[in-house]
Amino acid sequence: ERRDLQLDRIERECERLDALVGNTLRLARVGALPVPTEPLDLSEVVSGVVDDARYEAEGRRLRIDWETPAPILIAGDRASLASAIENVLRNALRFAPAESVIRVRLLTSATEASLEIEDRGPGVATQELASLFEPFYRAGSAAAANTSGGGAGLGLSIAQAAIAAHKGTISARNVAPHGLSVRMDLPLLTTPPA
């Protein structure tokens, strides 16, 4: 009987290590991506990620506030960009309290598109904001709030690597009265596709 419990624990640990190795390899691959050149509608990519995340949100009694804007063209790699957005949105889902709303907004200026994902979770200590995107870093609120064992602190670093490969930036800030807003800025496509 004790052996079965030990085997179950070994199996869970192997799965956790497999996920950790997979995410570490993903981070390395994303960091080595060539500059993406494929014309891509960012609105469509975000909509696909949000549609997938809504299933999880409903199960946790959360609502994702997102209205698809007109097409916003960027030069991008669909898979790595969707992965970056998904990692940020999944963090918001993980830390948002039940019955709250996660806001997803896509804005444009003359030269860039800005995607903001904002939750009503515990936020992050101000001194930890700059470290959020470092590999294996987990904020104090993340470790305390994540009772399920959660991730290894690679999701946001994978997102940062993907956004950097697109010549963009990613940042985080706390919002009042509580919550975290992650912003991804990406350059717009400068020449229309043929």
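**A walk through the fold, from the overall order to two residues**

Starting at the N terminus, the elements of the protein follow one another as α-β-α-β-β-α-β-β-α-α-β-β, and I should say at once that what we are looking at is a predicted model. Put as totals, that order comes to 5 helices and 7 strands.

Let me stay with the whole protein for a moment before turning to single residues. The protein has 194 residues, of which 40% count as buried, and its accessible surface comes to about 10,900 Å², with 53% of that surface belonging to carbon and sulfur atoms. If we take the contacts between residues at least 6 apart in sequence, 70% of them join residues that are at least 24 apart.

Now to the surface, where Glu1, Asp4, Asp8, Glu11 and Glu15 gather in a patch of negative charge. One of these residues, Asp8, lies in helix α1, which covers residues 2-31. Asp8 has a relative accessible area of 40%, and because that value falls between the 20% and 50% cut-offs, Asp8 is described as partly exposed.

Next, please look at Ser181, which has its place in strand β7, residues 180-187. Is Ser181 buried or exposed? Its relative accessible area is 2%, which is under 20%, and therefore Ser181 counts as buried. Which residues does Ser181 touch, if we leave out those up to four places away in sequence? Ser181 is in contact with Glu116, Ile117 and Glu118, and also with Ser171, Ala172, Arg173 and Val175.

Conventions. Residues are numbered from 1 along each chain as its sequence is written. This is a predicted model: local features need pLDDT of at least 70, side-chain atom pairs count only at pLDDT 80 or more; totals for chains, interfaces and linings use all residues. Side-chain values use heavy atoms; hydrogens and water are left out. Patches are made of residues with over 30% relative accessible area and no salt bridge: like charges are joined within 9 Å, nonpolar side chains (Val, Leu, Ile, Met, Phe, Trp, Tyr) within 5 Å. Accessible areas come from the Shrake-Rupley method with a 1.4 Å probe; for residues, only the protein chains shown count as cover. A salt bridge is a side-chain nitrogen of Lys or Arg within 4 Å of a carboxyl oxygen of Asp or Glu. Lys and Arg count as positive and Asp and Glu as negative; His and the chain ends are not counted. The place of a charge is taken as NZ of Lys, CZ of Arg, CG of Asp or CD of Glu. Helices (H or I, at least four residues) and strands (E, at least two) are DSSP runs, numbered from the N terminus. Buried means under 20% relative accessible area, exposed over 50%, partly exposed in between (1.4 Å probe, protein chains only). Contact means heavy atoms within 4.5 Å.
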